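Me: I want to go through the interior of this model and the terms used for it. Please set each term against its definition.

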Amino acid sequence: MVLGLLRHRRPHGAHGAAPTLPVPLPDGAGVFGCEVVDGLAQPLGGAEVTVTGLNSHRVAVRGTTDPYGYFMAALPQGTYSVMTSSESLSPVRETVEIAAGVVLPSRRVVLEPARQLELPPAGTWLFDPPHTAIRFIAKHVGMAHVHGRFTRFEGGIRVAPDMEDSRVSVRIDASSIATGNRTRDNHLRSADFLDVEHYPYIDFISTRFAYRGGAKWTVHGTLTMHGTSRSVGLDTEYLGTVNGGYEQELRCAALAKARLHREDFTLDWRSMLARGIAVVGPTVQLELDVQAMYRTHDTPTPPQ
């Protein structure tokens, strides 16, 4: 159990010294602290620090460094695994021993640039539907979440020699929406939501790939849904390329996410509970878990 999360700014030149706590230390607790910097020794504010008990395998505390790269937590006595990470940098894991009444000297954690995965060869890549999922999450009655997916779609990636010039296209059969509840699925297909009779497809066509470091990209493009087109950026993590599958095909994989606002696509159906809580939340989290095969002479052409 987390007993406290404490942050402070140490005086210049105090690296490695035992810090002075601004509040009394709880009985039976010790203190762990770290200073997170990049490879150039610059402080990393907003780096994620996750502390997990080695025996319980439960997260004891999770937080982010302050603007000066510092993080401090009071923890029960025990042994912990500490994972420190920041976007586009290689994470660092270490083990710390917390003793009751002991304030450990602050540790310096250096996060180096992540190794860039080898990009897929230029050419045409086809989505493999059995190994690709297009999922979404929407809030329901202000508390729970509805998880769903589209079961019919097709897509392809045209990888250019310069990755920034690559293109991706996806066409989704809107009527294939599935949330595990027939009544709800029929309502989502109706004119209140997707209106699949008049707008049978959801289309995404990219305009450019923007590199964000490490394995991170933003795929910018146009999403057309319910007869409305909007610019969307897919936060994408490239997962690598391997030879695998039934015939040892060359495959690449990526995970892409975007948060959509329903009203941007005129999906503005509203219904309130008696307490004034919306039945359906205003945003939808979209996720594409893609596995694509390199096109050969006996594979079909992806959609234009």
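Me: What makes the lining of the largest cavity nonpolar, polar or charged by class?
Reply: In this predicted model, the lining has 20 nonpolar residues, one polar and no charged. Ile, Phe, Val and Ala count as nonpolar, and Ile-157, Phe-209, Val-219 and Ala-254 are among the lining residues nearest the cavity centre. Thr-236 is also listed there; Thr is not in the nonpolar or charged lists, so Thr-236 counts as polar.

Me: Why is this space called a cavity and not a pocket?
Reply: In a cavity a 1.4 Å probe fits but cannot get out, whereas a pocket is an open set. Two cavities of 30 Å³ or more are counted, and the largest has a volume of about 320 Å³.

Me: Which elements line the largest cavity?
Reply: Those giving two or more residues to the lining are β12, β13, β15, β16, β17, β18 and β19. The largest share, four residues, comes from β18.

Me: Why is the set with Ile-134 and Phe-150 called a nonpolar core?
Reply: A nonpolar core joins buried residues of listed types through side-chain atoms within 4.5 Å. Ile and Phe are listed types, so Ile-134 and Phe-150 can be members of the largest core, which has 39 residues. Strand β19 gives the most to this core, with five residues. A second, separate core has 20 residues, including Cys-34 and Val-82.

Me: How do you know that Phe-150 is in contact with Leu-194?
Reply: Contact requires heavy atoms within 4.5 Å. Beyond its neighbours within four places in sequence, Phe-150 is in contact with residues including Leu-194, Ile-134 and Ile-202, so these pairs have heavy atoms within that cut-off.

Note on methods: Residues are numbered from 1 along each chain as its sequence is written. This is a predicted model: local features need pLDDT of at least 70, side-chain atom pairs count only at pLDDT 80 or more; totals for chains, interfaces and linings use all residues. Side-chain values use heavy atoms; hydrogens and water are left out. Buried means under 20% relative accessible area, exposed over 50%, partly exposed in between (1.4 Å probe, protein chains only). On a 1 Å grid over the protein atoms alone, a cavity is a set of points where a 1.4 Å probe fits but cannot get out, and a pocket is an open set with protein on both sides within 12 Å along at least five of seven lines; lining residues have an atom within 4 Å of a point. Grid points are joined across faces, edges and corners, and a volume is the space filled by probe spheres set on the points.
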